[in-house]
Amino acid sequence: MARRQRTPKWLEAARRRGPEDLAADGRADWLSRALGRAGVLPRAEAEAAIREGRVEVAGRVEREPFAPVRPGAEVRVDGQARELTARLLGLAFHKPAGPVVHGSDPEGVGTVFERLRAVLPEELRGYEWLAVGRLDRDTTGLLLFTNDERLVRHGTSPETHLPKRYVARVKGCPPEAALQALRDGLVLEDGPTRPAGARLREPDVVELTLTEGRHHQVKRMLAAVGHPVLALHREAVGGVVLDVAESDWRLLREEEVAEGLGFR
Ligand code: URA
């Protein structure tokens with residue numbers, strides 16, 4: 001049976017209002033997302049502020065979080081004029097073991113979004129920080145965040161082939177034949193893996209560089225060669241290398257985004 005496509009909420013809101021609300025160049029965004037991207041209020045807080053009637057667009061109170069808004073629109077929050085133009089930002093966060101990379105947290109273990117917000121300065125807390133990909137709850141290391149969905153799509157697309165370098169402590173000591181199998185690519189239940197970089201750093205510590213990012217891929221690959229992962233850490237994504245202490249962060253430089261992640 002063909003799956004019904006859901007109409008995005010911003011498009012439903014735009015249709016309810018008529019075509020004059022959509023920018024001719026198609027660059028209209030929806031209000032709550034534009035506020036989060038521009039660092040005014042993170043998305044959930046922006047939605048609440050809009051529903052409470054605290055946000056005006058072009059002199060009119062706007063109570064619809066998905067209302068289309070053009071770049072350069074005159075927006076006020078709590079009476080204060082706010083700029084909606086957004087500069088692309090990226091940051092590197094050193095994820096500790098424990099928090100999940102999910103918006104929802106039914107088990108109450110904490111999320112990386114909460115951990116990040118807790119260490120960010122005031123001027124960066126208004127952004128909606130999106131994680132570029134996922135790490136398992138028990139995985140530590142480099143997790144990238146951005147305020148721009150396009151960078152998320154670039155970083156997580158199966159076509160991008162950004163190298164991601166992991167270090168895994170494993171059960172047993174993998175012989176050369178196991179490393180070669182990882183390098184050549186092996187067949188997992190969701191298909192063959194691309195050729196990978198694999199070498200030993202210690203008899204039971206494997207450095208594995210993947211150019212894809214399938215669910216639990218490192219753990220599944222190492223289990224497939226008979227050496228289940230005991231601890232997993234990510235050191236680098238593209239040209240961005242983890243260089244901050246656990247639970248700390250830093251902004252990415254423009255050239256790290258352009259050359260290091262290949263996003264222009
Ligand atoms: N591969 C895994 O198995 N887990 C991660 O967290 C990342 C890559």
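This report walks through the aromatic pairs, the strands around E15 and the ligand site of a predicted model.

**Aromatic rings**

Let us begin with the rings. A pair of aromatic rings is described by the distance of the centres and the angle of the planes. In this structure there are four aromatic pairs. One of them joins Phe93 and Phe145: the ring centres are 6.1 Å apart and the planes meet at 75°, so this pair is edge-to-face. Phe93 belongs to strand E7 (residues 90-95) and Phe145 to strand E9 (residues 140-146), so the pair ties together parts that are 52 residues apart in sequence. Both Phe93 and Phe145 are buried. Another pair, Tyr127 with Trp129, is tilted, with 5.3 Å from centre to centre and 50° between the planes. Tyr127 and Trp129 are buried too.

Phe93 and Phe145 also belong to one aromatic cluster with Phe113. Elsewhere, a charge meets a ring: the charged end of Arg33 sits over the ring of Trp30, 4.2 Å from the ring centre.

**Strands around E15**

Strand E9, which holds Phe145, leads us to strand E15 (residues 229-237), with which E9 pairs in the parallel sense over two bridges. Here Gly141 stands opposite Arg234 of E15. Strand E10 (residues 164-170) also pairs with E15, this time in the antiparallel sense and over seven bridges. Arg234 appears again here, as the bridge partner of Tyr166.

Strand E16 (residues 240-241) runs antiparallel to E15, and two bridges join them. One bridge links Val237 with Val240. E15 and E16 form a hairpin with two residues between them, and Gly238 in the turn has a positive phi of about 55°.

**The ligand and its surroundings**

Which residues surround the ligand? They are Leu135, Asp136, Thr139, Tyr166, His216, Gln217, Val218, Lys219 and Leu232. Tyr166 is thus a neighbour of the ligand as well as the bridge partner of Arg234. The table lists polar contacts between the ligand and three of these residues.

| Residue | Protein atom | Ligand atom | Distance |
|---|---|---|---|
| Asp136 | backbone N or O | oxygen | 2.7 Å |
| Thr139 | polar side-chain atom | oxygen | 2.9 Å |
| Val218 | polar backbone atom | nitrogen | 3.2 Å |

How much of the ligand's area does the protein bury? Taken alone, the ligand exposes 240 Å², and the protein buries 95% of that.

How values were computed
Residues are numbered from 1 along each chain as its sequence is written. This is a predicted model: local features need pLDDT of at least 70, side-chain atom pairs count only at pLDDT 80 or more; totals for chains, interfaces and linings use all residues. Side-chain values use heavy atoms; hydrogens and water are left out. Rings of Phe, Tyr and Trp (its six-membered ring) pair if their centres lie within 6.5 Å; planes under 30 degrees apart count as stacked, over 60 as edge-to-face and the rest as tilted. Helices (H or I, at least four residues) and strands (E, at least two) are DSSP runs, numbered from the N terminus. Buried means under 20% relative accessible area, exposed over 50%, partly exposed in between (1.4 Å probe, protein chains only). A charge sits over a ring if NZ of Lys or CZ of Arg is within 6 Å of the ring centre and within 35 degrees of the ring normal. Two strands pair if DSSP finds at least two bridges between them. A residue is near a molecule or strand if one of its heavy atoms lies within 4 Å of it. A polar contact is a pair of N or O atoms within 3.5 Å; within protein, one must be able to donate a hydrogen and the other to accept it, and residues adjacent in sequence count only if both atoms are side-chain atoms. Accessible areas come from the Shrake-Rupley method with a 1.4 Å probe; for residues, only the protein chains shown count as cover.
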